[in-house]
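Let's take a walk through a protein together, one step at a time. Have a look at the picture below, and then we will begin with a question.

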Amino acid sequence: GYCLPVPADCSYGDGFLSFDLADISNPNSGCSPDGYGNFTEQATDLEQGGIYQLTMVTGYDEQYVSMWIDFNDDAVFSSNELLITDEIVNTVGAPVEIPITIPADAPLGEHRLRIKSDWADSSSTNPCQPATSGYGETEDYTVNIVEALSTSDFNVLNLRIFPNPADTDFVTITSSVNGDKSIEVLDMNGRKVISTIITDDKLNISSLETGFYMTQVTIDEKTSTSKLIIE
């Protein structure tokens, strides 16, 4: 089985007040007994090669945050399974967003995710031991790795979206195929946030919040999919 972290003190706000990743939403994770929260009943699908936005809130400064997914299911969180390595978080009580990239060759199926925070010390060196200070918290969740959305038609349309990442109200979408563009933009939870048809190359993205999206463009019954990052 998985190692249970050595008890740590999170009573001063060290660790995570909330944790959100794709369909996982744990707004009141708080300080669990002994600084360990087993939330493996909370799960989400993550695509191979997908980019996701982790949103977390901590209650104390100088938190060193690390996160693993046990891709090979050997009950050991190895260094090559780290997706976040000692990200220093000094924002107290406010959401912090960290982009997460799932390896394109990540094994399909359910795996355990562990996120760990230590105060003023590396959290990545041992997923079971607290910092020398003794302050921190560890939480476990479940993720299900699924196949990536097909992009096999990319070369057919020769699709290009720019700027990407975008920090403007419009992006330009070009293709070697002529015709009206039917566009759907989905957030990382699969919710459709834009559905429109454009006759030129300009797409209004002013309604989108900062984050990662999938953009599906259909021209003449041919569809391409591309990631879109909003800054």
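Which kind of link do the side chains of Arg114 and Asp140 form where they meet? They make a salt bridge, with 2.8 Å from N to O in this predicted model. Find the two partners along the chain: Arg114 belongs to strand 8 and Asp140 to strand 9, so you are looking at a link between distant parts of the chain, 26 residues apart.

Now stay with Asp140, since there is another partner to meet. The side chain of Arg112 also forms a salt bridge with Asp140, at 2.9 Å from N to O. Arg112 lies in strand 8 while Asp140 lies in strand 9, so this pair ties together parts that are 28 residues apart in sequence. Put the three residues together and you have a network of salt bridges linking Arg112, Arg114 and Asp140.

Are these charged partners buried or exposed? Asp140 has a relative accessible area of 0%, so this residue counts as buried. Arg114 is buried too, because its relative accessibility is 0%; the cut-off for buried is under 20%.

A further salt bridge joins Asp118 and Lys116, whose closest N and O atoms are 2.6 Å apart. Asp118 is buried, with a relative accessible area of 2%, and Lys116 is buried as well, at 2% relative accessibility. The count of salt bridges in the model comes to 7.

Let's turn from charged residues to nonpolar ones. In soluble globular proteins, nonpolar side chains tend to be buried together. Here, the largest nonpolar core has 26 residues. Those with the most contacts inside this core are Phe19, Leu46, Leu54, Ile102, Leu113 and Ile115. Many strands take part: among those that each supply at least two residues of the core are strand 1 (18-21), strand 3 (36-47), strand 8 (109-119) and strand 9 (136-146).

Phe19 is a good place to zoom in. Leaving aside residues up to four places away in sequence, Phe19 touches several others, including Leu54, Thr55, Leu113, Ile115, Glu139 and Tyr141.

Finally, move your eye away from this core. Apart from it lies another core, made of 19 residues, and Leu159, Val171, Ile198 and Leu208 are among them.

Conventions
Residues are numbered from 1 along each chain as its sequence is written. This is a predicted model: local features need pLDDT of at least 70, side-chain atom pairs count only at pLDDT 80 or more; totals for chains, interfaces and linings use all residues. Side-chain values use heavy atoms; hydrogens and water are left out. A nonpolar core is a set of buried Ala, Val, Leu, Ile, Met, Phe, Trp, Tyr and Cys residues joined through side-chain atoms within 4.5 Å. Buried means under 20% relative accessible area, exposed over 50%, partly exposed in between (1.4 Å probe, protein chains only). Helices (H or I, at least four residues) and strands (E, at least two) are DSSP runs, numbered from the N terminus. Contact means heavy atoms within 4.5 Å. A salt bridge is a side-chain nitrogen of Lys or Arg within 4 Å of a carboxyl oxygen of Asp or Glu.
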